[in-house]
Amino acid sequence: MDAALIAYLLAAAIRITGLPGVAAAHLPEFVALPARELERQVCPDGGNGCRGIVAYFDRLHFRILYRDTLDLEQPFDHSFLLHEIVHVLQYREFGNAMYADCRSTLRTEAEAYRAQNRYLRDTGQLAYVGFSLRTTDCAGAGLGRLAPGPA
Ligand SMILES: [Zn+2]
């Protein structure tokens, strides 16, 4: 993993979210995995929740998993790492409360997607991520429906 890229994305995540910072040395390890292995690690029981997942902050093992097909030279691709770095900052600030219930999960994901989209705009990308969040509400939603989320 490119240490300069990670330091850069960390600084951007802190600047965009305003969350308390952390030294790059205290970030989790970044682990590249084939898409299928990534899905298997995040959702060992299968199910569609992990289909298409690109990256994931594994709080239990304190590591960030991401697809080995990402081209980290490209802002669109490495913006998914920024999204997960935001989750690391949130985790340090709020602990497991960030995913305690549906509303917390929505807030947590909305903040990470906002940061990712802001980063994409700042780097001149026309892409937009996180569409499904806009149509998701918490009425009658169980916790499992949202967590671990699409990215
Ligand atoms: Zn997320």
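Modeller: A residue is buried if 20 or more other C-beta atoms lie within 10 Å of its own. By that count, buried residues make up 30% of the 151 residues in the protein. This is a predicted model.

Colleague: Why is Gln116 called buried?

Modeller: Gln116 has 26 C-beta neighbours inside 10 Å. The cut-off is 20 or more, so Gln116 counts as buried.

Colleague: Where is Gln116, and which residues is Gln116 in contact with beyond four places in sequence?

Modeller: Gln116 sits in helix α4, residues 102-122. Beyond its neighbours within four places, its contacts are Ser79, Leu82, His83 and Val129. A contact needs C-beta atoms within 7 Å. Phe76 is 40 residues from Gln116 in sequence, yet their C-alpha atoms are 9.1 Å apart.

Colleague: Which residues of α4 are buried?

Modeller: Cys102, Thr105, Thr108, Glu109, Glu111, Ala112, Tyr113, Ala115, Gln116 and Tyr119.

Colleague: How do you know what span to expect for α4?

Modeller: The expected span is 1.5 Å times one less than the number of residues. α4 has 21 residues, and the expected value is 30 Å. From first C-alpha to last, α4 reaches 30 Å, close to that value. After α4 comes Gly124, with a positive phi near 80°.

Colleague: Now the sheet. What makes β1 and β2 edge strands?

Modeller: The open sheet has three strands in the order β1-β3-β2. β1 (29-33) and β2 (55-58) each pair on one side only, and are the edge strands. Neighbouring strands are turned by 20° against each other on average, direction ignored.

Colleague: Why is the pairing in this sheet called mixed?

Modeller: Strands of a sheet pair through backbone hydrogen bonds, either parallel or antiparallel. β1 and β3 pair in the parallel sense over five bridges. β2 and β3 (residues 63-67) pair in the antiparallel sense over four bridges. The pairing is therefore mixed.

Colleague: How do you know that β2 and β3 count as paired?

Modeller: Pairing needs at least two bridges. β2 and β3 have four bridges, so they count as paired. Tyr56 has Leu65 of β3 as its bridge partner, and Ala55 stands opposite Tyr66 in β3. On the β1 side, Val31 stands opposite Leu65. In the hairpin of β2 and β3, four residues lie between the strands, and Phe62 takes a positive phi near 45°.

Colleague: What makes β3 mostly covered?

Modeller: Four of the five residues of β3 are buried. Helix α2 (residues 35-42) lies across β1, β2 and β3, at about 140° to β3. Helix α3 (residues 75-94) lies across β2 and β3, at about 20° to β2.

Colleague: What pattern does the protein follow along the sequence?

Modeller: The pattern is α-β-α-β-β-α-α-α-α. That gives six helices and three strands. Of the contacts with a separation of 6 or more, 66% join residues 24 or more positions apart.

Colleague: What is the average pLDDT, and where does pLDDT stay under 50?

Modeller: The average is 89, and 88% of the residues score at least 70. pLDDT runs from 0 to 100 and is the predictor's confidence in each residue. Over residues 142-150 pLDDT stays under 50. The model has 15 contacts beyond four places in sequence for residues 142-150.

How values were computed
Residues are numbered from 1 along each chain as its sequence is written. This is a predicted model: local features need pLDDT of at least 70, side-chain atom pairs count only at pLDDT 80 or more; totals for chains, interfaces and linings use all residues. Helices (H or I, at least four residues) and strands (E, at least two) are DSSP runs, numbered from the N terminus. Axes are lines fitted to C-alpha atoms, for helices over the stretch in contact, and angles run from 0 to 180 degrees between N-to-C directions. Two residues are in contact if their C-beta atoms, placed from the backbone, lie within 7 Å. A residue is buried if 20 or more other C-beta atoms lie within 10 Å of its own, exposed if 12 or fewer, and partly exposed in between; C-beta atoms are placed from the backbone.
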